[in-house]
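Me: I'm new to reading protein models, and I would like a close look at one part of this one. Could you take me through the nonpolar patch on the surface and the helix around it?

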Amino acid sequence: MITRGDILWLGIASGVTGSLIGGMMLGIGMDLIVNGQVWGWLLLLPAAPAAALPGWLLARKLASQL
């Protein structure tokens, strides 16, 4: 049985890891773009989907416990 604590942990963990991963990709990509490196877009554009990936994986793990 999934408890309220499990759902709370899922939200906190996915928020923190998503912010770290997406923020780093966004920051490094913006720095590269501002400095004239065109391939910085390869980090900037997938930053949001990559930030959502840890939360999605944690939610799948929690759903498999049902």
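Reply: Happy to help; here is the whole chain in brief, then the patch, then some of its residues one by one.

Please keep in mind that this is a predicted model. The mean pLDDT of the protein chain is 89, and 100% of its residues reach 70 or more. Confidence does vary along the chain: helix α2 (residues 41–44) has the highest mean, at 92, while helix α3 (residues 47–63) has the lowest, at 87.

Now for the overall layout. The protein chain contains three helices and zero strands, and its elements follow one another as α-α-α from the N terminus on. Along the principal axes, the C-alpha atoms fill a box of roughly 50 × 15 × 10 Å. The radius of gyration tells a related story: the protein chain has 15 Å, whereas a compact globule of 66 residues would have a value near 11 Å. Just 21% of the 66 residues count as buried. The accessible surface of the protein chain comes to about 4900 Å², and carbon and sulfur atoms hold 75% of that area.

With that in mind, let us turn to the patch. Its members are Leu8, Trp9, Ile12, Val16, Leu20 and Ile21, nonpolar residues that together offer about 620 Å² of accessible area on the surface. Try finding Ile21 in the structure, within helix α1, which covers residues 4–34. Trp9 also has its place in helix α1, and so does Ile12.

How open are these three residues? Trp9 has a relative accessibility of 57%, so this tryptophan counts as exposed, because the cut-off for that word is over 50%. Ile12 has 46%, and therefore counts as partly exposed. Ile21, with a relative accessible area of 35%, is partly exposed as well.

Next, follow the chain away from the patch and see where other residues end up. Trp9 and Leu58 are 49 residues apart along the chain, and their C-alpha atoms are separated by 9.7 Å. For Ile12 and Leu43, the separation in sequence is 31 residues, and the distance from C-alpha to C-alpha is 24 Å.

One more residue of the helix deserves a look, although the patch list does not name it. Thr17 is found in helix α1 and is partly exposed, with a relative accessible area of 30%. Between Thr17 and Gly55 there are 7.9 Å in space, C-alpha to C-alpha, for a sequence separation of 38 residues.

These pairs fit into a wider count for the chain. Among contacts with a separation of 6 or more, 51% come from residues 24 or more positions apart.

To sum up the part you asked about: six nonpolar residues make a surface patch, and among them Trp9 is exposed, while Ile12 and Ile21 are partly exposed.

How values were computed. Residues are numbered from 1 along each chain as its sequence is written. This is a predicted model: local features need pLDDT of at least 70, side-chain atom pairs count only at pLDDT 80 or more; totals for chains, interfaces and linings use all residues. Side-chain values use heavy atoms; hydrogens and water are left out. Patches are made of residues with over 30% relative accessible area and no salt bridge: like charges are joined within 9 Å, nonpolar side chains (Val, Leu, Ile, Met, Phe, Trp, Tyr) within 5 Å. Accessible areas come from the Shrake-Rupley method with a 1.4 Å probe; for residues, only the protein chains shown count as cover. A salt bridge is a side-chain nitrogen of Lys or Arg within 4 Å of a carboxyl oxygen of Asp or Glu. Helices (H or I, at least four residues) and strands (E, at least two) are DSSP runs, numbered from the N terminus. Buried means under 20% relative accessible area, exposed over 50%, partly exposed in between (1.4 Å probe, protein chains only). pLDDT is the predictor's confidence in each residue, from 0 to 100. The radius of gyration is taken over C-alpha atoms; the globule rule is 2.2 Å times the number of residues to the power 0.38. Contact means heavy atoms within 4.5 Å.
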